[in-house]
Amino acid sequence: MKPDNRKQNPKNQYRINEQIRVREVRIVDENGSSVMPTKQALDLARQRGEDLVEISPNAQPPVCRIIDYSKFLYQQKKKAKEMKQKQVKVEVKEIRFGPQTDEHDYNFKLKHAKEFLEEGNKVRAYVFFRGRSILFKEQGEVLLLRFANDLEEFGKVEQMPKLEGKKMFLFIAPKKAGQAKKSQQKMDRERREAEAAEAGKPIAIDTEKIDAEVAGDGLAGSAKGLDALAALKANMTEE
């Protein structure tokens with residue numbers, strides 16, 4: 001069997017003129033489409049001083065255009081270049097925290113994470129536990145959950161905080177363009193907080209209190225801090 005070189009040479013990617021050996025073809029142009037014998041289509045192409053180009057060989061009957069082949073190849077190359085330029089290359093950007101990251105450093109990294117997500121990149125945030133700081137892994141988990149919570153208008157959590165060796169990872173993917181608005185999760189939480197405030201009940205999640213716990217003695221030995229952690233995790237996983 002003779003090898004098909006069309007895939008190897010872009011100029012041979014399409015059958016043209018006498019290479020088209022089917023009985024009939026469908027001709028498409030700006031006026032619509034029509035089915036005619038291949039010989040008639042070839043005669044029409046010659047009359048116009050152009051080529052008969054097969055653009056969809058698997059259709060029944062195959063679809064062709066009458067156009068100058070060099071011009072057609074240029075159009076296809078230009079279209080492929082435009083499509084490549086429109087494709088967004090998704091990169092994974094890393095954000096590193098320590099278990100006792102201060103507020104200034106946290107806000108600095110939060111700002112960069114927002115920029116990464118708005119650019120269409122994913123964010124892999126992690127807390128690195130050095131030495132005995134691994135004993136305070138709950139503190140790192142609260143930090144990552146707070147980070148995800150602060151980014152909910154820009155991205156969605158792909159993986160909740162997970163400890164791997166001395167690192168605890170959190171993965172956040174960007175939201176689609178035009179979706180950087182209040183999420184349903186945030187609107188539901190604000191509604192619950194408003195109802196709780198109106199009823200004079202304590203709000204389920206007090207982020208200031210959680211921040212204070214993180215900045216203070218840590219959460220490993222704090223029952224109140226662990227309760228806050230459980231509440232924040234529950235809130236993050238709600239639909």
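The following exercises, with worked solutions, concern strand pairing and salt bridges in a predicted model.

**Exercise 1.** Determine how strand S6 (residues 122–128) pairs with strand S5 and with strand S8, and whether S6 is largely enclosed or open.

*Solution.*
1. Strand S5 (residues 92–97) runs parallel to S6, and six bridges connect the two. Within this pairing, Arg-96 has Tyr-126 as its bridge partner.
2. Strand S8 (residues 167–174) pairs with S6 in the antiparallel sense, also over six bridges. Here Phe-128 is opposite Lys-167.
3. Helix H3 (residues 103–118) joins S5 and S6 in a right-handed β-α-β unit.
4. Five of the seven residues of S6 are buried, so the strand is largely enclosed by the rest of the structure.

**Exercise 2.** For the salt bridge between Glu-103 and Arg-146, state the N-to-O distance and classify each residue as buried, partly exposed or exposed.

*Solution.*
1. The side chains of Glu-103 and Arg-146 meet at 2.7 Å, N to O. This pair links distant parts of the chain, with Glu-103 in helix H3 and Arg-146 in helix H4 (residues 137–150), 43 residues apart.
2. Buried means under 20% relative accessible area. Arg-146, at 16%, is therefore buried.
3. Glu-103, at 41%, is partly exposed.

**Exercise 3.** Identify the network of salt bridges to which Arg-46 belongs.

*Solution.*
1. Arg-46 forms a salt bridge with Asp-43, with 3.1 Å between the closest N and O atoms.
2. Both residues lie in helix H1 (residues 38–48), three residues apart, about one turn of the helix.
3. Through shared partners, salt bridges join Glu-18, Lys-39, Asp-43 and Arg-46 into one network.

How values were computed. Residues are numbered from 1 along each chain as its sequence is written. This is a predicted model: local features need pLDDT of at least 70, side-chain atom pairs count only at pLDDT 80 or more; totals for chains, interfaces and linings use all residues. Side-chain values use heavy atoms; hydrogens and water are left out. Buried means under 20% relative accessible area, exposed over 50%, partly exposed in between (1.4 Å probe, protein chains only). Helices (H or I, at least four residues) and strands (E, at least two) are DSSP runs, numbered from the N terminus. Two strands pair if DSSP finds at least two bridges between them. A crossover is right-handed if, with the strands pointing away from the viewer, the path from the first strand over the helix to the second runs clockwise. A salt bridge is a side-chain nitrogen of Lys or Arg within 4 Å of a carboxyl oxygen of Asp or Glu.
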